[in-house]
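Trainee: I would be grateful for a close look at a single helix, set in the context of the chains and of the elements around it. Please take me through the reasoning step by step.

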Protein chains: 2
Amino acid sequence: MSIEMKILKSIVISFLIITSFIYGQDESRYDKYKGIAEEIVKTALLEKKGYNYLEQLCKIGPRLSGSENSLKAIYWAKDKMEKLGFDSVWLQPVMVPYWVRGEVEKVIISKSKYFINRKLAVTALGGSAGTDKKGITAQLIEVGSFKELKNLGDKVKGKIVFINHQFSDGNIDPFRSYGETAGERITGPLECSKYGAVAAIIRSLTADYDNVPHTGVTGKADSIKQIPSVAIGLKDADFLSEALIKDPQLKVNIKLSCKNKSDAQSFNVIGEIKGAEKPNDIIVVGAHIDSWDVACGAHDDGAGCMQVLECLDLLKRMGIKPERTIRCVLYINEENGSRGAREYEKFAEASHEKHIAAIESDRGAFTPRGFYVDSDSLTLEKIKSWLPLLEKSGIDWIKKGGSGADVSYINNCLAKLGYASDSQKYFNYHHSANDTIDAVNPREMELGSAAITIMTLLLSNEL
Amino acid sequence: MSIEMKILKSIVISFLIITSFIYGQDESRYDKYKGIAEEIVKTALLEKKGYNYLEQLCKIGPRLSGSENSLKAIYWAKDKMEKLGFDSVWLQPVMVPYWVRGEVEKVIISKSKYFINRKLAVTALGGSAGTDKKGITAQLIEVGSFKELKNLGDKVKGKIVFINHQFSDGNIDPFRSYGETAGERITGPLECSKYGAVAAIIRSLTADYDNVPHTGVTGKADSIKQIPSVAIGLKDADFLSEALIKDPQLKVNIKLSCKNKSDAQSFNVIGEIKGAEKPNDIIVVGAHIDSWDVACGAHDDGAGCMQVLECLDLLKRMGIKPERTIRCVLYINEENGSRGAREYEKFAEASHEKHIAAIESDRGAFTPRGFYVDSDSLTLEKIKSWLPLLEKSGIDWIKKGGSGADVSYINNCLAKLGYASDSQKYFNYHHSANDTIDAVNPREMELGSAAITIMTLLLSNEL
């Protein structure tokens, strides 16, 4: 079937479903939800409780898996759910990787005709190996891509590789630019190590032209030696590239005190409101409670956590009793291992419950745009037919697409959804010291909470 | 016809038009535009010329009608259009009202049991009368609305009226909240004057809780005496309201040096690219070059001006030759008189040209959401059928609605459109000292330029 024919078919199906929902026997049902949706939006905007919870969460600080702070946040979230009167609240134990940055991360141009001891703005990549106290000093070699690295092959031996792949500012969707470059952060240092490089410097994955470095996970492999690896701010990436042209012999010294420690005890935080009619049918609303350690992770993913928590809170405060059980899962360890997601899926598989649908919020708390749906096409068309209700919260579209890193682990589930807020500025903040509470606009975040709440209610009662 | 039936009919019509555009003889036409649209988006995002022009414009400073600065901006814009090589560039003379703020605007609680000489954060409303050097001192009386004012009637005589109508944070569309309250800024002081009040203080029209006052035009009427009137910041509005409860006898002193001067000479700035096939058919892309005098009006409407200017610039740079003439009109005096819009309409009426369509950008330069279209329903459905092309620039919808304060003056025009960017934060900046260049995100603004350019090209060649 051509793409055009597929579009045509999907338009016809959605047209039929929309009209049957609005014009058929269900008109009164539509009207009922219309009023509820408007009330949910108004309550979220006027009371702004989710934003207030986010302020509290952000005061705890960064929440990297395994850290003391992450446990503080976990206990805080459990306590919050209990105080809000959720029907059940529990911690699900899970062992997580524990990487610590330590005090030292310093990269300088140590030998050059022009730039002696010039410090560079860097941050170690999560999972990176450290160095000894003297650090690693070596000649620098720049590559623009994996392909260039392969072409160089053994020529990088003994050197520090600088992967200077620009995050494109030309894509309308910055997540696409992220997709084009994230591979080099995740597997780049390992590839460099394969060819004998001693360390790696990666251009930060953002198009926002400041000098704040953006961290993120870098990979491990049993058969390959991990090398020290850092992300560098954009201005210093360009400076370093020009410096190399002026002096191709320049040497860089990298000192990192980071290390990978033994796995640590941690937890997913789970709270739920029991379904009034089908308590064993589960709708999961999920986000991840861990963050990188360079800021409090306000957008990534503190706000997502507080949106899905506020979803249950809104339903409860407004006296709405969903037919199915609504379960808020705050996953640990999305950033560097997905252990929380895997642990929850084990539990879901073993349980007698039936997982019907799941929504994840992990794309920032900017103004609402849409929902991506991972489901069969009939379910997709049904969910699409609810768009007029979701529009009350600023949602413009519902379309096929991936859900999210955590809920995608759930098998045997009719529909997995990803809430999508406007993505234009997301990578200005992502994994950097910029991701603080002032980067989140209260109205925009609350509209997201409202959108998730309306969608959750419909998944509970109408899917 | 019920609303549901109207929706149904409109869905069917738009469905038929979309499919005929995509599947009929015009498939290759659609494909042609698809490539052009993608190229326009990419060029705008990568080159960011419009944002660069905005930086230049903002350096000139505020551009209130009649001011020296507004003339500087007008000559700068004319010069820019000429340097960019537009086919014709000219200034259209128009006399504009000229109001000056002067140096003094000071409001204090001058007499009270608790708050002696407490200064309040205010800004005179545009068009307000001034005071003498001693100012006006009088007792304060608070009203929450016009209705309350009417109920009080002559009781406000000799007093200063404080209209403390909250801008609602509960509407999903802040323009709706503005619509609910703007009347009180525009006609409130006149209403107060009718009942004998000596001055008016208006709560600023924003929900953003800081203490920055937001100005804006207040009305005039030949038969009613103008009284001094100011907007007050939200924190001080709440403070003043509480102060009044504690001490209902408190007095306020208002000193304003503002005044209305004689009309001044000004101009609309007009530049165009001649249509390759129908040069007498005109597509207007318009915005207003005047701003309030408290900041450079980056969102309102500097960015709109640079988006419509960039529209022509993009077409030219990319070698796209539109069939109809594309005319950029930078209107003067949208904020306090619409003289520019009326003057342009006189010219359009008298001209031998045919105005086909017009787009206005005057709703901020945030991330793109949609286009409002003011046209007959067949034209609306045709324009709606282009949505798949507009989506390339982040546009989610095209729907019936008002165009904008300036282009709405054009009569005898098939379609008038208003470009709509995300409105959630617009009134945080609107008419206040906050509306500066750093409030505009380059990517978001450029996506708007791209959306306007794609729409302009389609209006030129396909309407």
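Mentor: A residue is called buried when its relative accessible area is under 20%. The model to which this cut-off is applied here is predicted.

With that in hand, consider helix α9 of chain B, which covers residues 298-317. Of its 20 residues, 18 are buried, so α9(B) is largely enclosed by the rest of the structure. Its length deserves attention as well. At 1.5 Å a residue, a straight helix of 20 residues would reach 28 Å, yet the end C-alpha atoms of α9(B) are only 24 Å apart. The helix is followed by B:Gly319, whose phi is positive, near 70°.

Helix α8 of chain B, residues 234-246, offers a useful comparison of length with expectation. For its 13 residues a span of 18 Å is expected at 1.5 Å a residue, and the distance of 19 Å between its end C-alpha atoms agrees with this. The buried residues of α8(B) are B:Leu234, B:Asp236, B:Ala237, B:Leu240, B:Ser241, B:Ala243 and B:Leu244. These buried residues pack against strands of chain B, among them β2 (105-111), β5 (136-143) and β7 (199-203). Also in the list of packing partners are β3 (118-120), β6 (160-163) and β8 (229-232).

A single position in another element of chain B shows burial at the level of one residue. B:Asp281 lies in strand β11, residues 278-288. Its relative accessible area is 11%, which means that B:Asp281 counts as buried under the cut-off of 20%. Leaving aside residues up to four places away in sequence, B:Asp281 touches B:Arg324, B:Thr325, B:Lys354 and B:Ile356.

For the wider setting, chain A can be described as a whole. Its secondary structure comprises 14 helices and 16 strands. The radius of gyration of chain A is 24 Å, which agrees with the value near 23 Å for a compact globule of 463 residues. Along its principal axes, the C-alpha trace of chain A spans about 80 × 50 × 40 Å. Buried residues make up 61% of the 463 in chain A. Of the contacts in chain A between residues at least 6 apart in sequence, 83% join residues at least 24 apart. The accessible surface of chain A amounts to about 17500 Å², and 52% of this belongs to carbon and sulfur atoms. Chain A carries 60 positive and 61 negative charges, whose mean positions are 5 Å apart.

Definitions and conventions:
Residues are numbered from 1 along each chain as its sequence is written. Chains are lettered from A and ligands numbered from 1 in the order in which they are written. This is a predicted model: local features need pLDDT of at least 70, side-chain atom pairs count only at pLDDT 80 or more; totals for chains, interfaces and linings use all residues. Side-chain values use heavy atoms; hydrogens and water are left out. Helices (H or I, at least four residues) and strands (E, at least two) are DSSP runs, numbered from the N terminus. The radius of gyration is taken over C-alpha atoms; the globule rule is 2.2 Å times the number of residues to the power 0.38. Buried means under 20% relative accessible area, exposed over 50%, partly exposed in between (1.4 Å probe, protein chains only). Contact means heavy atoms within 4.5 Å. Accessible areas come from the Shrake-Rupley method with a 1.4 Å probe; for residues, only the protein chains shown count as cover. Lys and Arg count as positive and Asp and Glu as negative; His and the chain ends are not counted. The place of a charge is taken as NZ of Lys, CZ of Arg, CG of Asp or CD of Glu. The expected span of a helix is 1.5 Å times one less than its number of residues.
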